[in-house]
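Visitor: I am new to this structure and would like to know what stands behind the words people use for it. Could you show it to me and take my questions?

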Amino acid sequence: MSNESGSELHDLLQVSQLVNNHPTIALSRSSLYDSIPIPKGSKTIRLLDVERLHHHYHEPLVGSLRVVSLQDGQYPSFTALSYVWGEYSSPRDVLRSGETELEITRNCRDALRRLRQRHGAITIWIDAICINQDSPDEKKHQIPLMMEIYTRAETVYIWLGMESQGSDEAMDYLQSASTMHDFPFWPKRDNYKRPTLTRRIVYALSYLPPCFFLRVFANACKQNWLHATDGFRHIAPLLGREWFTRAWTFQEGILARDSVVLCGSKVIRWDALARGLEHVHALQATFDSAKGSFESRPNTYPSTLAVACEAFRQTLWWWMTLDRSTRYLNDRQTRNSSSLGQTFRDYQSPYIHIYDDFTPIYKSVAFPVILLVISLVISLTLTVHTILSSLAWGSVCLIWTFYFLRVTRFLNEASIPSRGILQKVDDTSEASWLVESIVQALIKRKASQPRDKSYSLYGILKSIQLQLPEVDHNKSRGRVFFELFSVLLQWQPSFVILLLEAGASSNSTTQEIGDVPSWVPDFHMLPGRTSMSEEYFSAGSRQLNATSMLEPHVTIAGNGTTLLVRGHLKTHITYCTSQFQEIHREALMLEDDATLDALDEPIHEFASWIYIVRREIQPTHPRESIAKAIFTTLDRAPPSEDNHVPDEFDELYRMVGRMDMVPHSHDAREAASRIARNLCQRESVLETFVDIIRNLACQGRRLFVTADGSLGSGCKDVIVGDRLALVGGVPAPLALRSSSDDDADLYAASYRVICSTFVHGWMDGSAQQQSDMKDISLV
C-alpha cells in the first residue's frame with residue numbers, strides 16, 4: 001500500500017473509546033469489513049455499540065463496530081438481536097457513525113430505536129450488520145459461531161415488529177396468563193445454579209393448604225377476568241407474525257439463555273410467554289370461537305391458534321432440553337461448581353418432584369378445606385343472626401349458598417395446574433419431539449436463501465453433538481441438502497418421513513439443486529411440491545398412516561448416494577391419466593363451442609380413468625360404492641362409512657360413467673363431448689367438476705389405477721410401470737422407478753424416488769405386512 005493510500009485510510013478510520021477493554025473502530029466510508037477484519041480460524045466476532053438516546057425517539061441511530069474474541073477464558077458482555085430482516089424503507093434508513101452511513105432495513109431500525117429508548121447505550125450483535133453478508137468466506141466462518149453467540153449473549157432481544165391492531169391486548173393477556181402456570185421455568189433467578197434448599201422449601205409450602213387452596217381460588221378469579229378480556233382472540237395473529245415462520249429465528253430462540261420478546265412498546269420475557277401459552281394451550285377444549293367466550297364446549301378452539309401454540313411448544317421443548325455447557329456462562333458462574341450444567345429442564349426437576357408429591361395431598365384435602373371454610377362462614381352467620389335478630393335468616397342462607405356454589409365453580413374451573421411442557425416423557429418420546437420439531441421447521445419455516453434452510457439448523461444440531469459439514473455458500477443447494485439429510489438420517493431414522501417430499505417432482509429445479517440422489521428433498525421448495533398435505537408430517541394431526549406398524553430402518557451405503565430402506569414393493573401402475581390443466585372460469589362464460597372445447601379434454605381424461613376404475617377395482621370397505629371410493633381418492637380423506645358423497649358429485653359420477661368406451665378412442669372423445677354438453681345444462685354439477693379439475697391441476701396430481709385393482713393419485717411425474725412401495729417410517733406409499741428392465745428380482749434393482757402417493761384402501765394401514773419387509777435400494 002502506498003503512503004498516500006495509507007494516509008487516506010488513516011483519515012477515514014476513526015478509533016473510538018475503548019469499550020470493555022477492547023479496541024473500538026468506528027464505521028467508515030471505505031471498505032468497512034476489510035478495515036475490521038475477522039481472523040480466519042479464530043473465534044472472533046464483531047459487536048455494535050449503539051449510542052444512547054439524546055433527545056427524541058426518531059433521532060438518527062449512531063453506533064460503531066468493534067472486534068471481540070469468544071475464545072475460552074474471554075467473556076465479552078453483549079446482547080443479540082433476533083428479528084426478520086424485512087424490507088428497506090424508501091429512502092433507506094441508516095445507522096450513522098461520524099460521516100458514515102450504513103444502510104439497515106426498516107425492521108432493524110425499529111428494533112434499535114426501541115432498544116435504545118428502553119436501555120440507552122447498548123452493545124449488541126446483529127447478523128446483518130456484524131457479518132459481511134457479501135462475503136461467502138466470512139459467512140462460512142461466522143455461521144458456525146452462531147450457537148455460541150446466541151448462547152453466550154446476556155440477553156437475546158426477539159423483535160416481532162411494531163404494534164398492530166390487537167397486539168397490545170395479546171401481549172397483556174399472555175403476561176397475565178403467565179402468572180397462572182405453576183412451574184418457575186427460569187433458572188436465571190437462581191443465577192444459573194440448581195435451586196437452593198430455601199427456594200425449594202418455599203415452593204413446597206405453597207402446595208400446603210390453605211396456601212394452595214387460596215392460590216387456586218385466586219387463579220380462578222383471574223381466569224374469569226381473563227375470559228372477559230379481548231386479548232385471547234388476538235393471540236393467533238401475534239403468533240402468526242413473520243418471526244415465528246422464518247428459518248433462522250427457529251434456532252435463535254432456542255439457543256438463547258435469556259430472551260425478551262418485544263412487540264412495539266410491549267415487552268414480555270420468554271419464560272412468561274411460555275407460561276402464558278401453556279395456559280392458552282390448556283384452554284383448547286373450552287373456547288367457543290363463535291361467541292368469543294369460554295364455555296364447556298369441545299372442539300371449538302380456533303384451529304389457527306392450536307397450530308401456532310403447538311409450533312411454539314415444539315420450539316419451547318428444544319429450548320428446555322438443549323444442553324448448554326457452563327463454558328457459555330460468564331467467568332464467575334463457570335467457576336461455581338453448583339452452576340447449572342446441562343438443560344433448563346434439569347432445573348425444573350426439584351419442582352416437578354414437589355408437584356408430584358403434593359398434588360395427591362391437594363386432591364385429598366381440597367373438598368374438606370372447602371367444607372371447613374363453609375362451616376366457619378355458617379358459624380359466623382349464626383352468631384351474627386343471634387346478635388342481630390332483625391337479619392332475615394333466609395336471606396343469609398341464600399347469600400352463603402350462592403357463595404358456596406361460586407367457590408365450587410371457581411375451583412372446578414381452575415383445577416390443578418398441569419405440567420404442560422414438563423409432562424413425563426421417556427427417551428423415545430423426547431427423541432420423537434425433537435425429530436418432529438426439526439421436520440416442521442424444514443417444512444414450514446422460510447428462508448430467503450435456499451441453503452439457509454439447512455444452515456439455519458446448524459447451531460442446534462451442533463448443540464446435540466452432531467458432526468456437520470462446513471458451511472460453504474459456494475456449494476450447490478442440492479449438495480447442502482444432501483449433506484444435511486444424510487446427517488439427520490444417521491442420527492434418527494425417523495427422518496425418513498421426509499421422503500414424502502423427495503423425488504423426481506423436483507425435475508423442474510434440477511439445474512438449481514445439482515446432481516443429487518432422488519431421495520434427497522429440495523427443502524427450499526417445501527411444502528407443496530408433492531401431492532401430500534402437511535398433516536402427514538405431524539404425528540399429532542395425522543389421520544392416515546399406511547405404515548403405522550412398520551419401523552423405520554435406513555442405511556446409507558456405497559459412496560453415500562445409495563439409501564437402503566426397509567419396506568415392501570406392493571404393485572405397479574397400469575393406467576395413468578395425463579396431467580390436468582386448470583379450467584378457467586372465463587372460458588365457461590364464452591359461447592357454447594368455446595366452453596365445450598375447454599371441457600372436452602379434462603372430461604375425456606377424467607371419464608377414461610373412471611372407466612378403468614369401474615372395470616378393474618372392487619371397493620375395499622363394506623357397503624362402499626365405487627362412487628364413494630372415487631370421491632375419497634379425490635378428497636384424500638380417511639375411509640369411513642360416515643363419509644357422505646355430495647349429491648352433485650354423485651350426479652357427476654353417473655353422467656361421466658355413461659362413457660363406457662375404451663379410453664382415447666374416437667368413440668370415447670365423442671362421448672366426452674356429449675358429457676360436456678350435458679354438464680353445461682347442470683350448473684351445480686359443472687361447478688363441482690371444475691373444482692375437481694382445478695384442485696388436480698393446482699396440486700400437480702395425476703390419477704392412476706394399479707395392477708392389484710387399487711386407485712390413487714400421485715404427482716405429475718408418475719407414469720405407467722412405476723412401482724408403489726410401503727417404506728417403514730413413511731406414512732404414504734412411494735412411487736419408485738426401477739433403473740433396470742429386469743423384473744426377475746424386484747428387490748435386486750435400484751430405484752429412483754418419484755413422489756409420495758395416495759392409494760385408496762392402503763392409507764389406514766391395511767396393506768402393510770411386517771413379514772414382507774426387505775431392503776429397497778434408492779438412488
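**Why it is called that**

Guide: Let us start with Arg737, which counts as partly exposed because its relative accessibility is 22%. Buried means under 20% relative accessible area, exposed over 50%, and partly exposed in between, with a 1.4 Å probe and protein chains only. This is a predicted model, where local features need pLDDT of at least 70, side-chain atom pairs count only at pLDDT 80 or more, and totals for chains, interfaces and linings use all residues. Residues are numbered from 1 along each chain as its sequence is written, and side-chain values use heavy atoms, leaving out hydrogens and water.

Visitor: What makes the meeting of Asp722 and Arg737 a salt bridge?

Guide: A salt bridge is a side-chain nitrogen of Lys or Arg within 4 Å of a carboxyl oxygen of Asp or Glu. The side chains of Asp722 and Arg737 come to 2.8 Å, N to O, so the pair fits the term. Asp722 sits in the loop between β16 (711-715) and β17 (723-727) and Arg737 in strand β18, so the pair ties together parts that are 15 residues apart in sequence. Helices (H or I, at least four residues) and strands (E, at least two) are DSSP runs, numbered from the N terminus.

Visitor: Why is Asp722 called buried?

Guide: Its relative accessible area is 2%, so Asp722 is buried.

Visitor: How many salt bridges does the structure hold?

Guide: The structure holds 25 salt bridges. One of them joins Asp271 to Arg275, with the closest N and O atoms 2.9 Å apart. Both residues lie in helix α12 (residues 270-282), 4 residues apart, about one turn of the helix. Asp271 counts as buried because its relative accessibility is 4%, and Arg275 is buried with a relative accessible area of 12%.

Visitor: What makes Arg152 and Glu148 a salt bridge?

Guide: Their closest N and O atoms are 3.5 Å apart, so this pair also passes the test. Because they are 4 residues apart in helix α6 (residues 146-152), about one helical turn separates Arg152 and Glu148. Both Arg152 and Glu148 are buried. Together with Lys43, these two are linked in a network of salt bridges.

Visitor: How do you know that Cys108 and Cys130 are not bonded?

Guide: A disulfide is a pair of cysteine sulfur atoms within 2.5 Å. The sulfur of Cys108 is 9.4 Å from the closest cysteine sulfur, in Cys130, so the distance is too far for a bond. Cys130 is likewise in no disulfide, and the structure holds 0 disulfides. Cys108 counts as buried because its relative accessibility is 1%, while Cys130 is buried at 0%.

Visitor: Which residues gather in a patch of negative charge on the surface?

Guide: They are Asp741, Asp742, Asp743 and Asp745. Patches are made of residues with over 30% relative accessible area and no salt bridge, with like charges joined within 9 Å and nonpolar side chains (Val, Leu, Ile, Met, Phe, Trp, Tyr) within 5 Å. Lys and Arg count as positive and Asp and Glu as negative, with His and the chain ends not counted.

Visitor: Why is Asp741 called exposed?

Guide: Its relative accessible area is 81%, so Asp741 is exposed. Asp741 lies in the loop between β18 (734-738) and β19 (750-756).

How values were computed: Areas by Shrake-Rupley, 256 points an atom, 1.4 Å probe, with all protein chains shown as cover. Charge placed at Lys NZ, Arg CZ, Asp CG, Glu CD.
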